Amino acid sequence: MKYLLNLGGICVLLVISFTIFACSKDDDSTPEPPTPIIVSFDVIISQQNSLRVTVNNTSTGVNGLNSYWQFTENGPVVSDQAGPEMHLYDAAGEYLITLTVEAPDGDIQASEIVTVTDDNEMHPALKDATDKFSVGMAVQSNRMDGQHGDILVREFNNLTAEYEMKMNIMYPSEGNYDFTAADAIVDYGVTNDMDIHGHTLIWHNAIPDWVDNFSGTDQEFEDMIEDYITTVMTRYAGEVRSWDVVNEAIEDGSNQLRNSVFRQRMGDDYISKCYQFARNADPDALLFYNDYNLTFDVGKQAAMFDIVDDLASQNLIDGVGAQMHIDIFFPSSAQIQSVVDGTVSRGLKMHFAELDVRVNPNNDITSFTEARAIAQQNKVREVVEIYDAMPDVNKFAITIWGMRDTETWLIDFWGQPDWPLLYDVAFQPKRAHTGFLEALED
Ligand code: XIL
């Protein structure tokens, strides 16, 4: 048996290993199997839901043999699927877990008693660490159940669709909306009493082909965009309470608007037109402008605040989303503070959106190291401390852009390994998670 304590001291990972060696019933008459049969398994008790156990069959010499799990004495047997098997108990208690392998000479079993509790030493939930702002997670409709669901429900009170509420998904062909995934995410959020942040209505990087190649006049294009914004926002009015209306409109390193199809078709004032459509569609929704590199790209930040000031003068904006795709080295706390200061001085809400903290921006490691884990913990703590220090009236949410390290969009985007999120592949909270909580400790 071994116990792994994380260094923050608040999470306990219990791993129980035990082994039973096979004994032949009749050593004289039974030929030795080619590989000795050793039946063994590990048990991990979830840190997010202490009633859930995950068992891993670590037996050897059992290739081709049937094996079964039994999670309670005399309970039903579950055939082993050759991978981690999860079981959720209904109530706290002591349970006998048995792994049975059908060996040629008869069944071989390994078993152990596990204790599951309702209140084992779980870390505090992120959402419970503050009542001044919500803690958000980017989700995909197929990652909301099982262990994803345990973590979502326990730790988060704000959801953003990672990609399924973008125009290319919701409006794949002219006149035909597809709200299947968006509905599932919104329903999930509503059912679980979470805020839902709509992301994103207008983004040059998620345009369906038919919009890029729109065959009508410019006026027809604008009417179509108004209809789209209205259709989507009225569908989710009262459920999706905030929206990124326009995302990433500004060119990198400049004060220029991207020459997107929206700008080409609707003119330089396309942004205020879209925010007006949005305000009309759902006057109660909070409207955000969202972009990346707003902390250190000085020209971009200035251009963003020009756009925001123009919208504010027409009462068309409520907040700024600063995408926090950052790394352990960069940007500095002063750079992060600068976008907060500009937002606060305008009396707007600040969303630290899309938080992920790369630990391998220079591609110099091939596995996650303790040193990088500590650097990431420190950076996350710094980001959350900056956020928490702003006046309460400006606070809105910090949203983390993905759950497990293996699920981050950044691995594809940069084409190199990284571990930028708060949970590891086994759904265990990392030091970065501890850093988030530390920032909010009294
Ligand atoms: C990314 C998602 O993470 C991916 O799953 C999707 O395929 C592409 O978009 N800026 C944004 C986000 O505003 O919507 C992007 O999300 C990441 C960059």
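**Group meeting: the ligand site and its pocket**

Two strands, S12 (195–203) and S15 (319–327), each supply at least two residues of the shell around the ligand. Before going on, please keep in mind that this is a predicted model.

Let me list the shell. The residues around the ligand are Glu162, Lys166, His199, Trp203, Asn247, Glu248, Gln323, His325, Glu354, Trp401 and Trp409. By class, three of the shell residues are nonpolar, four are polar and four are charged.

Now the contacts to ligand oxygen atoms. Which polar side-chain atoms lie at 2.5 Å, 2.7 Å and 3.0 Å from an oxygen atom of the ligand? At 2.5 Å it is a polar side-chain atom of glutamate 162. Histidine 199 places a polar side-chain atom 2.7 Å from a ligand oxygen. For tryptophan 401, the distance from a polar side-chain atom to an oxygen atom of the ligand is 3.0 Å. As for cover, the ligand on its own has 410 Å² of accessible area, and the protein covers 78% of that.

Next, the pocket. The ligand takes up the space of the largest pocket, and the volume of that pocket is about 570 Å³. Its lining consists of 27 residues. Which of them lie nearest the centre? Those are Tyr292, Gln323, His325, Trp409 and Phe413. Gln323, His325 and Trp409 were also on the list of residues around the ligand.

Where does the lining come from? At least two residues each are supplied by S12, S15, strand S16 (349–358) and helix H11 (410–414). S15 gives the largest share, with four residues. S12 and S15 were the strands I named at the start for the ligand shell. In terms of class, the pocket lining has 13 nonpolar residues, seven polar ones and seven charged ones.

One last item, on the loop that leads to S15. Aspartate 318 is in the loop between helix H8 (298–313) and S15. What does the side chain of aspartate 318 contact? One partner is the side chain of arginine 279, in a polar contact of 2.8 Å. The aspartate 318 side chain also reaches a backbone atom, the nitrogen of leucine 287, at 2.8 Å.

To recap, the ligand occupies the largest pocket, S15 supplies the largest share of that pocket's lining, and aspartate 318 sits in the loop between H8 and S15. That is what I have for today.

Technical notes. Residues numbered from 1 in each chain as written. Predicted model: local features only at pLDDT ≥ 70, side-chain atom pairs only at ≥ 80, totals over all residues. Heavy atoms only, no water. Near = heavy atom within 4 Å. Polar contact = N/O pair within 3.5 Å; in protein donor to acceptor, adjacent residues only side chain to side chain. Areas by Shrake-Rupley, 256 points an atom, 1.4 Å probe, with all protein chains shown as cover. 1 Å grid on protein atoms, 1.4 Å probe; cavity = no way out; pocket = protein on both sides within 12 Å on 5 of 7 lines; lining within 4 Å. Sits in = over half its atoms within 2 Å of the grid points. Nonpolar A, V, L, I, M, F, W, Y, C, P; charged D, E, K, R; others polar. Points joined across faces, edges and corners; volume = space filled by probe spheres on them.
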